[in-house]
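Hi everyone, thanks for coming. I'll walk you through one protein chain today, so have a look at the picture first and then we'll go through it piece by piece.

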Amino acid sequence: LGNPIRRKLMDNYVRPVAAHDRQKLLVFGGSEGGLQSTFLAASLAANGYPALALAYFAEPGLPPILADVPLEYFATALHWLEKQLGIDPAHVFTLGVSRGSEAAQLLAVHYPRLVHGVIGVVPSNMVNCSYPSCDRSAWTLNAIPLPFERFFGSIFPSDEPAAEIPDAKIRGPILLLCAAHDELWPSCDYSRVAMAELKTFAYPHELIEARGGHDIGALVPYEPAVAMTL
């Protein structure tokens, strides 16, 4: 993970006519691993929002499972993204789906100079344990595991209060999109708790409660679950 980001671990999409002041997005998925956010990033770029799709585990050179993933890895991608032609570094957002929503929020908390807004899709409001094992934290910072919650579905940390993500420290807008019939975890309950913590938040923040299950996290209608080879 200390090596520079390699091309096969990311896909960059830029539409040349995109407005310079539009948000640019670092996009990553959840517990499915690999580079599954490619289609979402490409769709965003097609609508004028440059996007970098990033794998963070389950690819060569990365952790095999969602465990002890360093936030510094994402920060390297953010540094790369802000240096690209046509990218305004003051308009870079993170977009994380499901377990990736944890990283999206954490990056904005710990790297406020690099992240200026967050989109969390079917999100959690806390740091959860590793996956598929649940014996350690999913994320580290400065080689130190972040405090984590062991019990999925508990909207308030039951064994580690410090696992709650301090969204009020984020210096930019926050958009959460949850699934009213989420069958994997209570993304709407998580999101409501997060919004309740933002009553005096200085930036725009919104929760959209969508009908459907956890798979609304794909965002793009009929998005393939895996890459296709022609």
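Let's start with a word I'll keep using: a residue is buried if its relative accessible area is under 20%, exposed if that is over 50%, and partly exposed in between. Take Cys 178 as a try-out: its relative accessibility is 0%, so it counts as buried. Please keep in mind that what you see is a predicted model.

Okay, the overview. The protein chain has four helices and 10 strands. Reading from the N terminus, the elements go β-β-α-β-β-α-β-α-β-β-β-β-α-β. There are 230 residues in the chain, and 50% of them count as buried. Now look at contacts with a separation of 6 or more: 73% of those in this chain are between residues 24 or more positions apart.

Next up, the cysteines. How many disulfides does a search of the whole structure find? The answer is two. For anyone new to this, a disulfide is a covalent bond between the sulfur atoms of two cysteines.

Back to Cys 178, then. Its partner is Cys 188, with the two sulfur atoms 2.1 Å apart. This pair ties together distant parts of the chain, since Cys 178 is in strand E9 and Cys 188 is in helix H4, 10 residues apart. Cys 188 has a relative accessible area of 6%, so this partner is buried too. The torsion about their S-S bond is about 85 degrees, which means the disulfide is right-handed.

The other disulfide joins Cys 129 to Cys 134, with an S to S distance of 1.9 Å. Is this one left-handed or right-handed? Here the torsion is about -100 degrees, so it's left-handed. Its two ends sit in unlike surroundings: Cys 129 is buried because its relative accessibility is 0%, whereas Cys 134, at 30%, is partly exposed. If you number the bonded cysteines in sequence order, the pairing reads 1-2, 3-4.

Since we've met helix H4, let's stay there a moment. H4 covers residues 187-196 and is mostly covered, with seven of its 10 residues buried. Those are Ser 187, Cys 188, Tyr 190, Ser 191, Val 193, Ala 194 and Met 195. And what do they pack against? Strand E9, residues 174-179, and strand E10, residues 205-210.

Now for the inside of the protein. In soluble globular proteins, nonpolar side chains tend to be buried together. The largest nonpolar core here has 64 residues, and the members touching the most other members are Tyr 56, Leu 71, Phe 74, Leu 95 and Trp 139. Helix H2, residues 71-82, gives this core its largest share, seven residues.

Tyr 56 is worth a closer look. Leaving out its neighbours within four places in sequence, its contacts include Phe 28, Gly 29, Leu 66, Phe 74, Arg 99 and Trp 139. Tyr 56 also shows up at the structure's one cavity of 30 Å³ or more. That cavity holds about 50 Å³ of space. Of the 13 residues lining it, Gly 29, Glu 32, Gly 33, Gly 34 and Tyr 56 lie nearest its centre. Sorted by class, the lining has six nonpolar, six polar and one charged residues.

Last stop: a few spots in the loops. In the loop between strand E6 (118-121) and strand E7 (139-141) we find Ala 138. With 0% relative accessibility, Ala 138 is buried. Among the residues that Ala 138 touches are Leu 66, Asp 68, Arg 99 and Cys 129, the last of these being one end of the left-handed disulfide. Pro 132 is in the loop between E6 and E7 as well, and a cis peptide bond joins Tyr 131 to Pro 132, with omega about 10 degrees.

Two residues have a positive phi without being glycine. For Asp 68, phi is near 50 degrees. Asp 68 is in the loop between strand E3 (51-54) and strand E4 (69-70), and at 30% relative accessibility it counts as partly exposed. For Ser 98, phi is about 55 degrees. Ser 98 sits in the loop between strand E5 (92-97) and helix H3 (99-110), and at 9% relative accessibility this serine is buried.

That's my tour, so over to you for questions.

Technical notes. Residues are numbered from 1 along each chain as its sequence is written. This is a predicted model: local features need pLDDT of at least 70, side-chain atom pairs count only at pLDDT 80 or more; totals for chains, interfaces and linings use all residues. Side-chain values use heavy atoms; hydrogens and water are left out. Buried means under 20% relative accessible area, exposed over 50%, partly exposed in between (1.4 Å probe, protein chains only). Contact means heavy atoms within 4.5 Å. On a 1 Å grid over the protein atoms alone, a cavity is a set of points where a 1.4 Å probe fits but cannot get out, and a pocket is an open set with protein on both sides within 12 Å along at least five of seven lines; lining residues have an atom within 4 Å of a point. Grid points are joined across faces, edges and corners, and a volume is the space filled by probe spheres set on the points. Ala, Val, Leu, Ile, Met, Phe, Trp, Tyr, Cys and Pro count as nonpolar, Asp, Glu, Lys and Arg as charged, and the others, Gly among them, as polar. A nonpolar core is a set of buried Ala, Val, Leu, Ile, Met, Phe, Trp, Tyr and Cys residues joined through side-chain atoms within 4.5 Å. A disulfide is a pair of cysteine sulfur atoms within 2.5 Å.
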